[in-house]
Structures are given as C-alpha cells and as structure tokens.
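Biologist: Got the model open? Let's walk through a few bits of it.
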Amino acid sequence: MSASVITLETQEDLSHKLIIQPPAVGLSLQGSIRVPGDKSISHRALMLGAIAQGETEISGLLLGEDPRSTASCFQTMGAEISELNTELVRVKGIGLGNLQEPVDVLNAGNSGTTLRLMLGLLASHSGRFFTVTGDSSLRSRPMSRVVKPLQQMGAEIWGRKGNSLAPLAIQGQALKPIHYQSPIASAQVKSCILLAGLITEGQTTVTEPALSRDHSERMLRAFGAELTTDPETNSVTITGSAQLYGQKVVVPGDISSAAFWLVAGAIVPGSELLIENVGVNPTRTGILEALALMGADIQLENQRQVAGEPVADLRVRSSRLQSCTIAGDIIPRLIDEIPILAVAAVFAKGTTVIKDAEELRVKESDRIAVMAQQLNKMGAKVTELPDGMEIVGGTPLVGTEVDSHTDHRIAMSLAIASLVAKGITTIHRAEAAAISYPNFTATLQQICSN
Ligand code: S3P
C-alpha cells in the first residue's frame, strides 16, 4: 500500500490549501484519537465563569478561534482569564450584573454563539452602552431572532436592516421577564434569553418547537441558577437576580468534531477508529442515530458522567451504508453534522433525503448550497431542497479543486470526502477548520499513516 499524501500550503493571502491524495488502493484508517473540547460547552464555561462570583477552573477547553473570541470579549468587560490552554484555564469572575462598559467595539469574530449569547447579557446590563460586531460571515447572519425577544423584554438594540444585522449597538436596560415562544429550535436563541432572564427580576420562560442542545441549562444550574424545565413542552424557566458561583468545568470532546472521524471510519473500507472522551449529551447525539439508521458500525464504550455531561469513547468500523431520511425533531440534535452526513450519504446505497433543515442556510455559510456545489464538483449527485438536500449515493468521487467558503465544517467535510475520491483534491481556504478544530490536519495525517 502506498501512503496518502496530505499537505497544507500557505498562500500569499495567508489562506491555506489542503491537498489530499489518497493511495489508489489500500487506504484504511486506524488508531485512537481525541477530539478537541466541545465548542458549545467551552463558550458557556468562559461566559458563566466571567459573570460568576469567584474562580472557575476549566479543563479541556477548545482552543479554537471561536472560544478565543468569547474570552477576548469578556476580558474586555473586566473578567480575568488566564492564558487559554487545554490543561487548566482560570477565570476570575466579576459577579452577576457587573460587566464593565467597554471603551471599544466588542468583536465576536466568526462566532454566532459568542454574539447571540452575549447579547442577552449586554441588553440586561442597565446603564451601560455596548457595540458588537464580527467578521463578514457573522455580519451577514440574522440577529433578529435574538433582538426581537430581547426587545419584548424592553431591550434597546440598534443595527443595520431593521436592527437585524451586526454591527449592533446596545443600551443596557433593566428588563422585564417574558414567556417567549421561539419559532425556531435554537440553543443560541434559548440561551440568549435565559442569560437576559438571569439578570432580570422574575421568571423568564423560553418554549421551543423541538429541544435544542441543553448545555446552558445544565451549566447554569451547576453555577447555582434557579432553573426548571418542562420536557413535555420543551420549556425552560429561569428565575432572575440570582448570583452565580465559580465552578470546576470539565469540557468533554466535541461530538461535532468526532463526527468527521465517525464518517471517515465508516466510509473508508477496512478502517477502525477509537475516538476517546466524546460528549454524548442526548441533545447532541442525532448524528449517532442517523449513522445507525444508515447501517454504520459504531459502539459506545466506557460510558460515564463527567462534570454533569455524559461522555463515552466511540469505536467505528467501516461498513456498507444505506440511504435514509432525516427530518423533524432530530434536526436540531444534529444540525452541525449535516455537512458531514451529506458526505456519508454520497457513499450510501440509495437516495438520502434531508429535510426541515432550512437553518443550514444561515450558518457560517449557506451549508445547503455550498455542500451541494462542492460535492457535485467532485462528481456527487446532490440536489438542493429549500430546507435540505437529496443525495443519490453510489457515484464515485473524483478529486478536484473545492472551496470551504471559509466555513470550518465545510472544509473538514470536504477533506473526509477526498479520502475516498480518486486522485488529488485541493481544498481552498482550509484554514477555516481552526474555528473549531485547530489540529484537524495533524489528526488526519495520523490516522492515514497508521
Ligand atoms: C450552538 C447552537 C447551534 C449550533 C452552533 C452552536 C450553541 O446554533 O449550530 O454551532 O452553542 O448554542 P443554533 O442555536 O443557531 O441552532
């Protein structure tokens, strides 16, 4: 067997070209790997640590660009955060309601979670003025989904296009509690309102059409907030004006990052990978259910609870995949994994249909359009639907030039597809992977050479 050739070239504009040439025959992926810390939990640990009283210790933090944006915003507003590392980050919180008015614009970079969650806190900091912005992708993503409920609570927020696009300006106010019926199942919307409710006297409730990830609920409770949930109605209620207290947070590996290796292990013949220490919170495990439906061979080993979150080691062995339909309430539980699921579907027998996922159009890129275009460039048969994709599996892929559109999950999904494409695939703007997975290429090289 000849080896895979995987190289990363830095371009004049500092973007990266990831070039992948699998061997003509005989590639199999082997080894034990660890994925970086969960992005959603990393953001929340930094934020709650910053606004709690006392010290928070975070181990396993994701060192991606997105949590760095969160850390930098909260440092600007007075929290002391030690140098970011995976071992132990110390956050000296400033106590509830004490974020300082920054003298400059807060920059959330590429991170929707940073901007949307932070907005709930800023809007409720009475008497202080804030301005927030982000990169060109974030400045084009809809903010009205959080601005509108915050305005119902009495928030004063201004921005472009009817206060729906960043940059945004916020004049903090004492807010009033509401019961918000969210039209979308979004953890960012839910968490934004809960964080606003935390600093608002009375009880604030959010009801969502389907359950989205519940990391905020778990961590707010652990930090001492009074919070109740009603699983029958997908509602969560927070009681305001509580104090939060610094905690020890252990961030598990990100199942959204593990998903790339789960699909790689499933579609590259003869592979066996063990992905250790992965968070398997039931609000995030839609990917495991979808891959099981497709016939993937994935075992959960060593299941345990770590600091309030379920964790397991995931073993994947290659198998023949078949098509399936993915729609309805499972969508929010695998929303970030749909690009890589589309890659799995390309190698499955039959036609896979993904529906009810219009949210993908307003992620870091329009993930429906971009995945369809890029996979089709490689020879796949993907048709865009308004709210998803139809993927006819079984056509062999051929390496070509593709582009991440600066979206981290697209860059990594295309890298996995290229492992089973004939010839050389060049992924432009592959540096985007560092948003959630700084060591992605190194791990790819490792499992291809074992
Ligand atoms: C996230 C929620 C999801 C997800 C995003 C992270 C979070 O977004 O896509 O990557 O940490 O709350 P939505 O809430 O917009 O669905």
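Modeller: Sure. One open sheet here has four strands in the order 1-2-28-26, with mixed pairing. Strands are DSSP runs of E, at least two residues, and helices are runs of H or I, at least four, numbered from the N terminus; two strands pair if DSSP finds at least two bridges between them.

Biologist: Which strands stand at the edges, and why is one side of each left without a neighbour?
Modeller: Strand 1 (5-10) and strand 26 (401-403); each has a single partner strand, so one side has no neighbour in the sheet.

Biologist: Before I go on, what are the ground rules?
Modeller: It's a predicted model, so local features need pLDDT of at least 70 and side-chain atom pairs 80 or more, while totals for chains, interfaces and linings use all residues. Residues are numbered from 1 along each chain as its sequence is written, and side-chain values use heavy atoms, leaving out hydrogens and water.

Biologist: In what sense do strand 26 and strand 28 pair?
Modeller: Parallel, over three bridges, with strand 28 covering residues 425-428. Asp403 stands opposite His428 there.

Biologist: And which helix packs on that sheet?
Modeller: Helix 12 (residues 408-418), touching strand 2 (16-21), strand 26 and strand 28. Touching is contact, meaning heavy atoms within 4.5 Å.

Biologist: New topic: where does Glu57 lie?
Modeller: In strand 4 (residues 53-59).

Biologist: What does its side chain make a polar contact with?
Modeller: The side chain of Lys248, at 3.5 Å. That term takes N or O pairs within 3.5 Å; within protein, one must be able to donate a hydrogen and the other to accept it, and residues adjacent in sequence count only if both atoms are side-chain atoms.

Conventions
Axes are lines fitted to C-alpha atoms, for helices over the stretch in contact, and angles run from 0 to 180 degrees between N-to-C directions.
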